[in-house]
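The paragraphs below walk through a protein model, from single residues to whole chains and back. Keep the structure open while reading.

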Protein chains: 2
Amino acid sequence: MLEIWKHYPTVVPKLQAVTQLISERLQSDNTDIQELLNACANDQGKMLRPGLFLLFAELGEHPSQDNEQLIKVAATLEILHKATLIHDDIIDDSPLRHGEITIQSKYGKDVAVYAGDLLFTVFFELLSETMNGTSLMHYNATAMQKLLIGELSQMHARYFRAQTITDYLHNVKGKTAELFKLACLEGAYFSKQSPEIQEIAAQIGENIGIAFQIFDDILDYTSTSGTLKKPVLEDLAEGVYTSPLLFSYAEHPQDFDNLLQKERQVTAVEVKKVGQLVRKYGGVQKATQLAHNYTKRALLLITELPASPAQKQIKKITEIMSKRSF
Amino acid sequence: MLEIWKHYPTVVPKLQAVTQLISERLQSDNTDIQELLNACANDQGKMLRPGLFLLFAELGEHPSQDNEQLIKVAATLEILHKATLIHDDIIDDSPLRHGEITIQSKYGKDVAVYAGDLLFTVFFELLSETMNGTSLMHYNATAMQKLLIGELSQMHARYFRAQTITDYLHNVKGKTAELFKLACLEGAYFSKQSPEIQEIAAQIGENIGIAFQIFDDILDYTSTSGTLKKPVLEDLAEGVYTSPLLFSYAEHPQDFDNLLQKERQVTAVEVKKVGQLVRKYGGVQKATQLAHNYTKRALLLITELPASPAQKQIKKITEIMSKRSF
């Protein structure tokens, strides 16, 4: 799971500590519930958000850094992410996530509702232990709210073919980029950077996050389910129309209308056909270009961070993330 | 909706301000989402938790009390309660709540998941505006966690006929009493009571909360759907076995086993039959006695609060709540 972090020797042990902490916080004296909590803790994600946080936390001199505190803050980011994934999988009816059976698929939607809620409480508990009294408390509340509004807006835009790239980006900023933004901002905060650098860190996170989501959406059109570790074109079948489709649709609506107007009745063969049309009409290239623009903006902003080994590492991970095929 | 508060002239306008604040905080620039948010805000609950908080906040001299802050804290309690109800209604497939169509019934389970989550974020936002840097932050996180663990435990105990009253009370403490406890503790905190009085307030809240839940469970066996404003014996059909049934079952298991072993295949006629048996075997009387014991403990603890008009009002509402038929 930590493949992407293999060249980051300072980050890997901390991410392992984050995983360990999440397990420790998901404990219950009820054995039935414990099995569920273990499943929640055992996710094989890439840990991008806590990893980015930890890199930004290495900016500057950090003589007084409290390692245990950093692990906890990194854990808040991963737990909030996990909680939203568990609820997203309910909405999407997703069978798989990161190659593992989802909570909703294994335990049912009802259990998944409470499981996600319980993760929210652990998130909140760790925040209260690390950020109580700081301005980050309010920032977290606002970020979580933007994240949810982004999810709700995306849900309401389902099967809406005429949505624009602007609408799409607006939802991406909420549902994905907000948490990357928070991760980078918090890293800069805990490495005691100036408010100006914290703001630059936040912008870097936002741009990385938008690029990440666009790449993620592209993979749905270019990858295989084996590589992706979840079904391909799952979003499309569920009515979540992302940038590759929106670009192609805008130029050739009539070619898609017959297929897409069936909404949730669309067949697997038709979904495949839509995928082919998207590729044929250049939607993937255009989306890739869009993602690269956000990566470029992130890289430009990274040059404004204090020159340091951490700055170089942030640059490197941003480049790695823009070349991913997983 | 504020019927229960009609004799509390200082509380009613504040509760109206709480309702107003909740509406204001549930705003979106997306008109589709706004309709949902209005439905979330427009609940016709009894507002017991914010009301109790406001009464406890009137203890003592409170010369420096910030009214706006109190309204916000009261709103956190109601919003957390609303959020958990929205998610509970998903699990219970409930069509009605307080005489209104539930969010899950009106908008579907998927929307209800995010709607509840969004309320959690508003809860969290208001906390960060009123309690950042205080010990109440961590208390809220823990309370929310106990609440969820209580819900999860209750879910795992579904259709489990041999559970004891102790198991039942353990779940009630989490899922219901924790929030009443928090409300009373916070009231004592904001009226600047000593840590000892805050602890007594918390215990009063817990006892009121347990009694309240037991009375609520009894109403399922004694009321009509018209009075209750939701279907009667709904819990029973869903496998949530509460104290009236558990008391009767413990003494006459064989009379219930034929009916209850069908679990979710139980028919409406059989549910009615179970209700009759529960009443026949004295389950309602025993549960009423149990509830009264908790009310008595609360009333005894109330005598330890500083003598004041607020103390008298807290005593009165505790008595009113123990006689409710709604």
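Glu263(B) sits in the loop of chain B that joins α13 (253-260) to α14 (268-280). The model is a predicted one. With a relative accessibility of 34%, Glu263(B) is classed as partly exposed, because that class runs from 20% to 50%. Its backbone deserves a look: phi of Glu263(B) is near 45 degrees, which is positive, and the residue is not a glycine. Most residues other than glycine have a negative phi.

Chain A offers a second case. Tyr159(A) has a phi of about 65 degrees, again positive in a residue that is not a glycine. Tyr159(A) also lies in a loop, the one between α7 (136-156) and α8 of chain A. Is Tyr159(A) buried or exposed? Its relative accessible area is 7%, and buried means under 20%, so Tyr159(A) counts as buried.

The helix that follows this loop, α8 of chain A, covers residues 165-190 and contains Cys184(A). Cys184(A) has a relative accessible area of 0% and is therefore buried. Which residues does Cys184(A) touch, once those up to four places away in sequence are left out? They are Leu52(A), Phe56(A), Ala201(A) and Gly205(A). Leu55(A) is 129 residues away from Cys184(A) along the chain, yet their C-alpha atoms are separated by 8.3 Å.

Lys46(A) belongs to the loop of chain A between α2 (31-41) and α3 (48-57). Its relative accessibility is 22%, so Lys46(A) counts as partly exposed. From Lys46(A) to Glu78(A) the C-alpha distance is 9.8 Å, with their positions 32 residues apart in sequence.

These residues can now be placed in the chain as a whole. The secondary structure of chain A consists of 16 helices and 2 strands. Its C-alpha trace spans about 60 × 50 × 35 Å along the principal axes. The radius of gyration is 20 Å, and this agrees with a compact globule, because a globule of 326 residues would have a value near 20 Å. Of those 326 residues, 61% count as buried. Among contacts in chain A with a separation of 6 or more, 75% are between residues 24 or more positions apart.

The surface of chain A comes next. Chain A exposes about 12,800 Å², and carbon and sulfur atoms supply 52% of that area. It carries 33 positive and 40 negative side chains, and the centres of the two sets are 7 Å apart.

Chain A also meets chain B. How many residues does each chain bring to the contact? Chain A and chain B each contribute 41 residues. Together the two chains bury about 4,000 Å², and 69% of this is on carbon and sulfur atoms. On the chain B side, Tyr114(B), Phe124(B) and Leu152(B) lose the most area to chain A, together accounting for 19% of what that side buries.

A last stop lies within chain B. Ile317(B) is part of helix α16, residues 309-321. At 0% relative accessibility, Ile317(B) counts as buried. Beyond its neighbours within four places in sequence, Ile317(B) is in contact with Ile4(B), Trp5(B), Tyr8(B), Leu52(B) and Leu55(B). Leu52(B) is 265 residues from Ile317(B) in sequence, and 8.4 Å from it in space, C-alpha to C-alpha.

Methods: Residues are numbered from 1 along each chain as its sequence is written. Chains are lettered from A and ligands numbered from 1 in the order in which they are written. This is a predicted model: local features need pLDDT of at least 70, side-chain atom pairs count only at pLDDT 80 or more; totals for chains, interfaces and linings use all residues. Side-chain values use heavy atoms; hydrogens and water are left out. Helices (H or I, at least four residues) and strands (E, at least two) are DSSP runs, numbered from the N terminus. The radius of gyration is taken over C-alpha atoms; the globule rule is 2.2 Å times the number of residues to the power 0.38. Buried means under 20% relative accessible area, exposed over 50%, partly exposed in between (1.4 Å probe, protein chains only). Contact means heavy atoms within 4.5 Å. Accessible areas come from the Shrake-Rupley method with a 1.4 Å probe; for residues, only the protein chains shown count as cover. Lys and Arg count as positive and Asp and Glu as negative; His and the chain ends are not counted. The place of a charge is taken as NZ of Lys, CZ of Arg, CG of Asp or CD of Glu. Buried area is the accessible area (1.4 Å probe) that two parts lose on being put together, summed over both.
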